[in-house]
Amino acid sequence: MVMTVEQHRKLLSYISQRANRISPSGIRKFFDLLASTEGVISLGVGEPDFTTPWHISEAAIYSLGKGYTMYTSNSGMPELREELARYLEDSYGVKYDPNGELLITVGVSEGLDLVMRAILDPGDEVIMPDPCYVAYESCVLLTGGKPVKVPTNQENNFEVSAADIEAQITDRTKAILIGYPANPTGAVTSRDKLSQIAELALRYQLPVISDEIYAKLVYGVEHTCFASLPKVKESTILLGGFSKAYAMTGWRIGYAAGPGEIIAAMTRIHQYTMMCVPTMSQMAAMEALRSGEASALEMVEDYNRRRRVIVKGLNDIGLTCFEPRGAFYAFPSIKCTGMSSEEFAEKLLIEEKVAVVPGVAFGKSGEGYVRCCYATSLTDIGEALSRMKRFVDKHRVT
Ligand code: PLP
């Protein structure tokens with residue numbers, strides 16, 4: 001049935017102002033273009049190329065055979081919350097009460113949405129680094145809140161400073177959102193810098209939302225859990241997940257850990273929307289926490305080999321790239337081509353069939369860079385680098 005212009009307009013008029021405030025993800029838009037091109041090497045999508053370690057999948061399959069197919073507690077299975085509390089204490093020395101301070105969520109994605117809905121009223125501001133993960137801004141906008149961006153760049157290793165955050169604090173500031181190791185830059189920030197942010201947050205009595213989904217993916221540095229810093233546990237909402245470290249993106253499971261009052265508000269929203277995370281995913285996550293360490297470390301070692309190859313390769317081509325110490329992204333500068341990041345990504349895809357994500361998709365400060373995800377084979381990385389070299393040699397202006 002062909003729709004008339006009036007019918008189309010009518011349908012658009014049904015869309016709420018909040019939904020209209022967010023635009024389609026810059027990443028997705030780009031991947032529609034990619035899907036229609038053959039022979040592409042993708043350094044695009046930010047997900048592991050490994051499948052979930054078999055013992056983790058098997059735990060889920062076994063649970064289905066055992067009849068674990070019902071709803072669970074809204075907060076997540078008690079055994080999983082207990083296992084998670086043990087894991088967080090062993091890993092970071094932070095103690096959480098499994099009954100009240102932990103919530104099992106549908107990935108960090110749901111955790112982000114819940115925390116914003118739980119704490120923000122229209123007009124409230126959340127300070128976050130720029131560039132940053134695409135969902136941060138949208139989750140704030142969907143509540144009627146206002147994202148306030150703090151620019152970072154290659155010169156400061158894409159680390160947000162306490163002083164820059166402080167300059168953005170107003171009487172509408174409701175929270176500070178950070179995410180290290182970072183998407184899209186691969187930046188990891190030091191314990192020292194995090195302590196300065198902690199001190200600032202305490203001084204202004206602001207909660208900090210810390211997205212630590214890439215906590216396990218660090219290379220030659222140690223991950224600092226923000227909540228483990230002195231005195232801030234009670235005002236930190238820690239978001240963590242299984243997607244990246246255990247190659248479990250499709251299982252859709254993560255968690256939020258924080259003060260009981262905020263977790264209770266998040267749980268109230270979660271119980272009317274998700275009810276609970278799929279039971280088999282909870283079973284798989286339990287196995288990941290109990291015995292997934294070795295498989296996770298193996299994958300990290302593999303990512304590290306690829307990281308070294310891609311960072312050296314990009315720098316050799318002239319796409320200068322600071323050393324990313326976390327996640328699985330390199331974020332090279334493309335300024336030597338004089339192109340915008342969207343133009344670069346589009347031309348590279350058309351001329352050389354290599355997919356990267358324009359840095360501007362992650363915020364204004366991402367302009368002049370592209371995100372290259374190296375969670376792909378060394379063979380593909382090598383081929384992508386030689387295609388990119390040909391492309392840069394052809395288009396270099398400086
Ligand atoms: N946070 C960051 C920084 C991410 O990069 C991603 C996914 O790419 C997410 C959260 C979403 O993770 P999940 O799969 O747990 O929803």
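**The ligand shell and the cavities**

Helix α6 (residues 107–119; helices are DSSP runs of H or I with at least four residues, numbered from the N terminus) gives the most to the shell around the ligand, with three residues. This is a predicted model, where local features need pLDDT of at least 70 and side-chain atom pairs count only at pLDDT 80 or more, while totals for chains, interfaces and linings use all residues. Residues are numbered from 1 along each chain as its sequence is written, and side-chain values use heavy atoms, with hydrogens and water left out.

Reader: How many nonpolar residues does the shell around the ligand have?

Author: Happy to sort them out! The ligand is surrounded by residues including Gly-107, Val-108, Tyr-133 and Arg-252, each with a heavy atom within 4 Å of the ligand. Ala, Val, Leu, Ile, Met, Phe, Trp, Tyr, Cys and Pro count as nonpolar, Asp, Glu, Lys and Arg as charged, and the others, Gly among them, as polar. By class, the shell has three charged, four polar and five nonpolar residues.

Reader: Which side chain has an N or O atom 2.6 Å from an oxygen atom of the ligand?

Author: Good one to look for in the structure. A polar contact here is a pair of N or O atoms within 3.5 Å. For Tyr-214 the distance to a ligand oxygen is 2.8 Å, and for Ser-243 it is 2.7 Å. The side chain at 2.6 Å belongs to Lys-244.

Methods:
Polar contact = N/O pair within 3.5 Å; in protein donor to acceptor, adjacent residues only side chain to side chain. Helix = DSSP H or I, 4+ residues; strand = E, 2+ residues; numbered from the N terminus.
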